[in-house]
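Please look at the sequence and the structure below before reading on. The paragraphs that follow start from a single loop residue and widen from there to the chain as a whole.

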Amino acid sequence: MGCGAKGVMTLGQETDIAGEEMLNMQHLEASPDGRFVLLVETERSEWGVQQLTTYRISAQRLIELMRAEGERMDG
C-alpha cells in the first residue's frame, strides 16, 4: 500500500445545554509516522478540567477489523 494513515476525522461531539462549549469529543487521527490510527477522547468537566485519553491501533489491524466486522457496501 504505500504511505499509511493520514489526517483527522471527528467521530462524535457533545456540547453543553446551550451548545456553546464542547464537553466531550472523539476523533481519529494518524500517528506522525502513519503506522497507527489514534482514537483521541477529550473530556471536560463543568469546572474546566480537561482529560485526554488516546488509544492506538495499527492501520493494517483497523483494516482487518473493518473487513471482518463492518458492513460491506458495494458500489
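Ser 31 sits in the loop between β2 and β3 (36-44), where strands are DSSP runs of E with at least two residues and helices are runs of H or I with at least four, both numbered from the N terminus. This is a predicted model, in which local features need pLDDT of at least 70 and side-chain atom pairs count only at pLDDT 80 or more, while totals for chains, interfaces and linings use all residues. Residues are numbered from 1 along each chain as its sequence is written, and side-chain values use heavy atoms, with hydrogens and water left out.

Although Ser 31 belongs to a loop, its relative accessible area is 11%, and it therefore counts as buried; buried means under 20%, exposed over 50%, and partly exposed in between, with a 1.4 Å probe and protein chains only. The side chain of Ser 31 makes a polar contact of 2.6 Å with the side chain of Asp 33, and it also reaches the backbone nitrogen of Arg 35 at 3.4 Å. A polar contact here is a pair of N or O atoms within 3.5 Å; within protein, one atom must be able to donate a hydrogen and the other to accept it, and residues adjacent in sequence count only if both atoms are side-chain atoms. When residues up to four places away in sequence are not counted, Ser 31 touches Phe 36 and Leu 38, contact being defined as heavy atoms within 4.5 Å.

The two polar partners of Ser 31 are themselves linked, since the side chains of Asp 33 and Arg 35 meet in a salt bridge with an N to O distance of 3.7 Å. The term covers a side-chain nitrogen of Lys or Arg within 4 Å of a carboxyl oxygen of Asp or Glu. Side chains of opposite charge can pair when their charged atoms come close. Asp 33 has 45% relative accessibility and so counts as partly exposed, whereas Arg 35, with a relative accessible area of 54%, is exposed.

The structure holds 3 salt bridges. Another of them joins the side chains of Glu 64 and Arg 61 at 3.6 Å, N to O; both residues lie in helix α1, 3 residues apart, which is about one turn of the helix. Glu 64 is partly exposed because its relative accessibility is 38%, and Arg 61 is likewise partly exposed at 40%. Arg 72 and Asp 74 also meet through their side chains in a salt bridge, at 2.8 Å from N to O. Arg 72 counts as exposed because its relative accessibility is 71%, and Asp 74 is exposed with a relative accessible area of 64%.

Turning back to the strands, His 27 lies in strand β2 (residues 22-30) and, at 11% relative accessibility, counts as buried. Its side chain is joined to that of Glu 29 by a polar contact of 2.7 Å. Leaving aside neighbours within four places in sequence, His 27 is in contact with Val 8, Met 9, Thr 10, Leu 11, Leu 38, Leu 39 and Val 40.

Glu 43, in strand β3, is partly exposed at 38% relative accessibility. Beyond residues up to four places away in sequence, Glu 43 touches Leu 23, Asn 24, Val 49, Gln 50 and Gln 51. Gln 50 belongs to strand β4 (residues 50-58) and, at 49% relative accessibility, is partly exposed. With the same sequence neighbours set aside, the contacts of Gln 50 are Thr 42, Glu 43 and Arg 44. Gln 50 and Leu 23 are 27 residues apart in sequence and 8.9 Å apart in space, C-alpha to C-alpha.

For the whole picture, the protein chain has 1 helix and 4 strands, which run β-β-β-β-α from the N terminus on. Buried residues make up 19% of its 75 residues, and residues 24 or more positions apart account for 10% of the contacts with a separation of 6 or more. The mean pLDDT, the predictor's confidence in each residue from 0 to 100, is 84 for the protein chain, and 87% of its residues reach 70 or more. Among the elements, strand β1 (residues 8-15) has the lowest mean pLDDT, 82, and helix α1 (residues 59-69) the highest, 93.
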